[in-house]
Amino acid sequence: FDRNPDHEFYVEESFPLDWMYPHLRPYGIIMKVEREPVKELTEEDLRRDHEFWSRYSARLCGNWITYDTPVKEVCEFVERVYRQGDLRGFTGDPAFVRDSDAQKSFAKLRGSIAGLYDWRLRNTTNATERARLLKEAEFACKQAFAFCPYSPESVARYVQLLALMNRMQDALLVAQTAYRFDVESEYLRSVIEQLQGFQRGLGNATEATQLLQQYEDAYRQNPTNVQVALTLVSAYATLGRTNDAFRILDEVVSRPETAPEVLMAVAESYVQLGQYGRAESALRRLVTLMPQTPELWYDLAGAQVALGQYSNALASLEACFRVNDQRRATTTNQVDLRALAATDARFRPLRSMKAFQDLLRTGAVAAPGPGGGP
């Protein structure tokens, strides 16, 4: 970007890059990286994005979501269409309903633009811009959730935005709907408990602050208790205070005595919050502590791909396949992670690489040829 000032740049966001946010402008399904910081997203910017995604949504799940569509209606739609398979009145493409990769991909694309709106919303001092950003951010979150109601990133962003608007009942409804798609999710279970807690007697901001203070006090009194820490993290995330959530997770990871199972829980929380850099750090510690656990190497490789660290990801996959093969040699019913990696969307950027194909075929990256080439 710095070395090619005459070129235009566009980004399909894999994970958020903080330096980009001031330069980003929605551009269809992706975003344009402007040379100079964008002073504000104008009404025309937002109108163009709104109209584009309204038309685009028609190709996926139908063009029925508006500013005024209630959260309850969106939740009823995803429940009926994705869980029950009831397509009566459905105006989108039935193939989309059967394609989980497409659902995740388009939810990610739409959610990335919602993330841009959310960032500007939190950083603008212009009340007029803030009002229109809030409106478009919710519209984008509705669409992303309708595209893929089981995407952790889409759900987390939507819940946080609704909590920011003090719409706790709507936030709870979104979390409960998502939980029915993934009943094993500790993250969603914790979010639901937090929202229910804020609702129960926390009917005003003072009481909400008091409850949050109770969580903070409990953590300070027992900082090594992972459940107490994750409860506080979930409360912060639910209220949109992601920087505070990251601070607690960073504290947990930095402690030398932190147990491997705690690191696993923290790494999962980082991924849920879209913090792949922090997840990679926790996973690197984990593979040092538990080098014979192939799933840890596998998840580390996934985080490294998200960070664009392709060479590191290939090395992690090589370690993963080696220990996975050793384990399968003695326990044949274990999952074949090499076969899984061949179709895992996380490793899509590696698929055109010869080194990745060598890994899938032999479990090792081939040595360079006589000429030093790949």
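Here are three short exercises on a predicted model, each with a worked solution.

**Exercise 1.** Work out which helix gives the largest share of the lining of the largest pocket, and what kinds of residue line that pocket.

*Solution.* Start with the space itself: the largest pocket holds about 1,600 Å³. Of its 38 lining residues, Val 271, Tyr 276, Asp 344, Ala 345 and Arg 346 sit closest to the centre. Next, look at the elements: H4, H6, H12, H13 and H14 each give two or more residues to the lining. H14 takes the largest share, with seven residues. Finally, sort by type: 18 lining residues are nonpolar, eight polar and 12 charged.

**Exercise 2.** Take the salt bridge between Arg 83 and Glu 79 and decide whether each partner is buried or partly exposed.

*Solution.* First check the contact: the N to O distance is 2.5 Å. Then place the pair: both are in helix H2, four residues apart, so about one helical turn separates them. Now for accessibility. Glu 79 comes out at 14%, and since buried means under 20%, Glu 79 is buried. Arg 83 has 42%, so Arg 83 counts as partly exposed.

**Exercise 3.** Find the salt bridges that Glu 44 and Glu 51 make, and the network they belong to.

*Solution.* Glu 44 pairs with Arg 48 at 3.7 Å, N to O, while Glu 51 meets Arg 47 at 2.8 Å. Glu 44 and Arg 48 are four residues apart in helix H1, and Glu 51 and Arg 47 are also four apart in H1. Glu 44 is partly exposed at 37%, as is Arg 48 at 41%. Now zoom out: these four residues join Arg 25, Glu 34 and Asp 45 in a network of salt bridges.

Notes
Residues numbered from 1 in each chain as written. Predicted model: local features only at pLDDT ≥ 70, side-chain atom pairs only at ≥ 80, totals over all residues. Heavy atoms only, no water. 1 Å grid on protein atoms, 1.4 Å probe; cavity = no way out; pocket = protein on both sides within 12 Å on 5 of 7 lines; lining within 4 Å. Points joined across faces, edges and corners; volume = space filled by probe spheres on them. Nonpolar A, V, L, I, M, F, W, Y, C, P; charged D, E, K, R; others polar. Salt bridge = Lys/Arg side-chain N within 4 Å of Asp/Glu carboxyl O. Buried < 20%, exposed > 50% of the residue type's maximum accessible area, 1.4 Å probe, protein only.
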